[in-house]
Amino acid sequence: QLKSIQHHLRTAQELDKREPVVAYYCRLYAMQTGMKIDSKTPECRKFLSKLMDQLEAMKKQFGDNEAITQEIVGSAHVENYALKMFLYADNEDRAGQFHKNMIKSFYTASLLIDVLTVFGELSEENAQHRKYARWKAAYIHNCLKNGETPQPGPIGLEGESFDAEREEAGSSSVHSGTTQPSSSSTFEANNIPTSNYTGIHIPPGAHAPANTPAEVPHNTGVS
């Protein structure tokens, strides 16, 4: 049941040493989302209880960090990091540099924008960034997998129909924090299998922040 939050928890693990504040909010998002999905079955309760303990421990450890104690500071911190990941991937994409690091950066940016929902409703701009990043990650991943050359930058037709489809689906679902259903329906409408979203298995440790050369995957120590 809690499969949908595993990507956010994996991202938290990868960022523990480098970006503990972002890692903390990834876990907070996972816990809040997990509670909505299933807080009753013993297995899920046990899992969420461990996650809660982990959050409490992190809160004590970073208790003097304003980004943990003040949501407005935390929100800006997470948003800044998410956009840094997005811009890195977007710049690589527009330059025609297609590789696993940039795919993962697009996908991670979309996960971190999910995390921003713990602070309230997403801005329209961030909702668009999330949708575009997730679509780009799936599109480039599938192109490379099939031996095709992806088209760099925004692709007019898909982008336009994306917006129209989302409006028809109702924008409220985009902000609800349960992003999968609205995302899936949008993808189906564009004749792209829904598995594209969740089927991106990118190896851990391939993160590349904006200032990291794409060719040098960051070693997070996570096996």
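Reader: At what angle do helix 2 (residues 20-37) and helix 3 (residues 42-61) pack, and how far apart are their axes?

Author: In this predicted model, where local features need pLDDT of at least 70, side-chain atom pairs count only at pLDDT 80 or more, and totals for chains, interfaces and linings use all residues, the two helices pack at an angle of about 150 degrees with axes 10 Å apart. Residues are numbered from 1 along each chain as its sequence is written, and side-chain values use heavy atoms, with hydrogens and water left out. Axes are lines fitted to C-alpha atoms, for helices over the stretch in contact, and angles run from 0 to 180 degrees between N-to-C directions.

Reader: What makes helix 2 roughly antiparallel to helix 3?

Author: Angles under 35 degrees count as roughly parallel, over 145 as roughly antiparallel, 65 to 115 as roughly perpendicular and the rest as oblique; the angle here is about 150 degrees, and helix 2 is therefore roughly antiparallel to helix 3. Among the residues that make the contact (heavy atoms within 4.5 Å) are Y24 and M31 of helix 2 and L51 and L55 of helix 3.

Reader: Why is helix 5 (residues 71-94) called oblique to helix 7 (residues 124-145)?

Author: Helix 5 and helix 7 pack at an angle of about 45 degrees, with their axes 11 Å apart, and because that angle falls in none of the named ranges, helix 5 is oblique to helix 7. The residues in contact include L83 and F86 of helix 5, together with Y132 and A133 of helix 7.

Reader: How do you know that the length of helix 6 (residues 100-115) agrees with its number of residues?

Author: The expected span is 1.5 Å times one less than the number of residues, so the 16 residues of helix 6 should span 22 Å, and its end C-alpha atoms are indeed 22 Å apart. Helix 6 is also mostly covered, with 15 of its 16 residues buried.

Reader: Why is H8 called buried?

Author: Buried means under 20% relative accessible area, exposed over 50% and partly exposed in between, with a 1.4 Å probe and protein chains only; H8 has a relative accessible area of 4%, and therefore counts as buried. H8 lies in helix 1 (residues 6-15) and, leaving aside residues up to four places away in sequence, touches C26, Y29, L111, D114 and V115.

Reader: What joins the side chains of H8 and D114?

Author: They are joined by a polar contact of 2.9 Å, a term for a pair of N or O atoms within 3.5 Å, where, within protein, one must be able to donate a hydrogen and the other to accept it, and residues adjacent in sequence count only if both atoms are side-chain atoms.

Conventions:
Helices (H or I, at least four residues) and strands (E, at least two) are DSSP runs, numbered from the N terminus.
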